[in-house]
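Trainee: Could you take me through one part of this structure in close detail? I would like to follow the sheet and the charged side chains that go with it.

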Amino acid sequence: MENGISIYPGLDNTLEENLQLIEMAAGYGIHRIFTSLHIPETDTTALKREFGLLLQAAHRHDMEIISDVSPAMLPLLGLKEFNPSALRMLGITTLRLDDGFSWQEIAGLTRRYPELRIQLNASTTTSSVLQHLRDANADFSRIEALHNFYPRRGTGISEKALVHANIRLHRFGVRVSAFVPSRNGRRRSPLGDGLPTLEDHRDVSTSFAARHLVALGCDAVFLADALPTEDEIAALAALKNDRVILKARLLTSDAAERQLLTHPFTARLDEARDAIRAQESRPLLKQTGSAIHPDHTDKRPIGAVTIDNEKYGRYMGELQIIRHAQPADPRTNVAAQLLPEDLQLMPYITPGRKFSFQFLEQTDII
């Protein structure tokens, strides 16, 4: 996935902190940086002094720089007018266009400047604009979209709005990204309330918010706040855009069960009422020649990850995530339990969709 961090020179972080953030992100394989150069609270003197050094550091790691483009930012970069070639020479590789650009201008940019990527505002781009771009022969291979983030509480968009926007953009072949806030790092000033795309994500963990965005169809995720923690950057690096990733407490010590649980799975097309059934689990177990012995045959609450044991005959190895609580059965082991937060991700595991687990031991502190 092409996930990213955000840097705001001249605002909260020192130059050294921003450089360390670039190094850390690059070390985790994250190679995109979003920046906004027209935040009113920015120290413009510091921005002018630091921006070039940050671009150089990003260039050393072959990182993509995405920048908002507006008339206000041009003097900060020493430009008298909008000049895509000059912006590219400075090291800005993707231009995020918002207000002030017509669809004719955007289409022209995609054709005339193949070295640049154009990023639309995913939260506001309409089907009409997309159709106009298609009619104007825009090069859609150069176009992507990024949702807004929302500093003020109560202004983030709804899940429904995000999903509708994603579907609209995907119909035109446009990849979509969105922002998650930092929960444990430094939240960007002046409000310090996080910078989520979805209002629902303002006070949840960065890991959950990121995995939720992927479940909702986002192709990439950006950490929006000024100085996230290393664990939050690692959470972005662990994302997979082809599946829903669920966090769970691991309850089994059995080697065969643990090995089985490391695989990605696909939800069966013949959807069960009471559980999400893994399509591949029984064949995978059969390939290993292992047996599942009865263990932890406890009652099965919602979110229990179960594996049928040898007492279930040919169903041995059947892996399920429980949708509706069920009583204990001596033929079925409870191998793990989804974290309470992650129960919210179960509805997105629709028939044919892939899923996998990230496990915490019973003794781990969540």
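Mentor: Happy to; we will go from the sheet to its helices, then to the salt bridges and one loop residue. Keep in mind that this is a predicted model.

Let's begin with the strands. The sheet is open and has 8 strands, ordered β1-β2-β3-β4-β5-β6-β7-β8, with parallel pairing. The edges belong to β1 (5–7) and β8 (220–223); each has a single partner strand, so one side of each lacks a neighbour in the sheet. From one strand to the next, the twist averages 30°. Toward the β8 edge, strand β7 (residues 175–180) runs parallel to β8 and is joined to it by 4 bridges. If you want a spot to look at, find V180, which stands opposite L223 in β8.

Now add two helices. Helix α4 (residues 103–112) packs on the sheet and touches β4 (94–97), β5 (117–121) and β6, its direction making about 155° with that of β5. Helix α7 (residues 206–215) also packs on the sheet, where it touches β7 and β8, and its direction makes about 160° with that of β7.

Next come the charges. The whole structure holds 20 salt bridges. One of them brings together the side chains of E64 and R32, at 2.7 Å from N to O. These residues sit 32 apart in the chain, E64 in strand β3 (residues 64–69) and R32 in strand β2 (residues 32–35). E64 counts as buried because its relative accessibility is 11%, and R32, at 3%, is buried too.

Another salt bridge pairs D68 with R96, with 3.5 Å between the closest N and O atoms. Here D68 belongs to strand β3 and R96 to strand β4, 28 residues apart. Both D68 and R96 are buried.

For a pair in a loop, look at D203 and R187, whose side chains form a salt bridge of 3.7 Å, N to O. Both lie in the loop between β7 and α7, so the pair ties together parts 16 residues apart in sequence. D203 is partly exposed, with a relative accessible area of 37%, whereas R187 is buried at 17%. Elsewhere, salt bridges with shared partners link E2, R32, E64, R117 and E144 into one network.

Finally, return to R96, whose side chain also has a polar contact of 3.0 Å with that of N148. N148 lies in the loop between β6 (143–146) and α6 (159–171), and at 17% relative accessibility N148 counts as buried. Beyond four places in sequence, the contacts of N148 include D98, N121, S123 and F179.

Conventions. Residues numbered from 1 in each chain as written. Predicted model: local features only at pLDDT ≥ 70, side-chain atom pairs only at ≥ 80, totals over all residues. Heavy atoms only, no water. Buried < 20%, exposed > 50% of the residue type's maximum accessible area, 1.4 Å probe, protein only. Polar contact = N/O pair within 3.5 Å; in protein donor to acceptor, adjacent residues only side chain to side chain. Contact = heavy atoms within 4.5 Å. Pairing = 2+ DSSP bridges. Axes fitted to C-alpha atoms, helices over the stretch in contact; angles between N-to-C directions. Salt bridge = Lys/Arg side-chain N within 4 Å of Asp/Glu carboxyl O.
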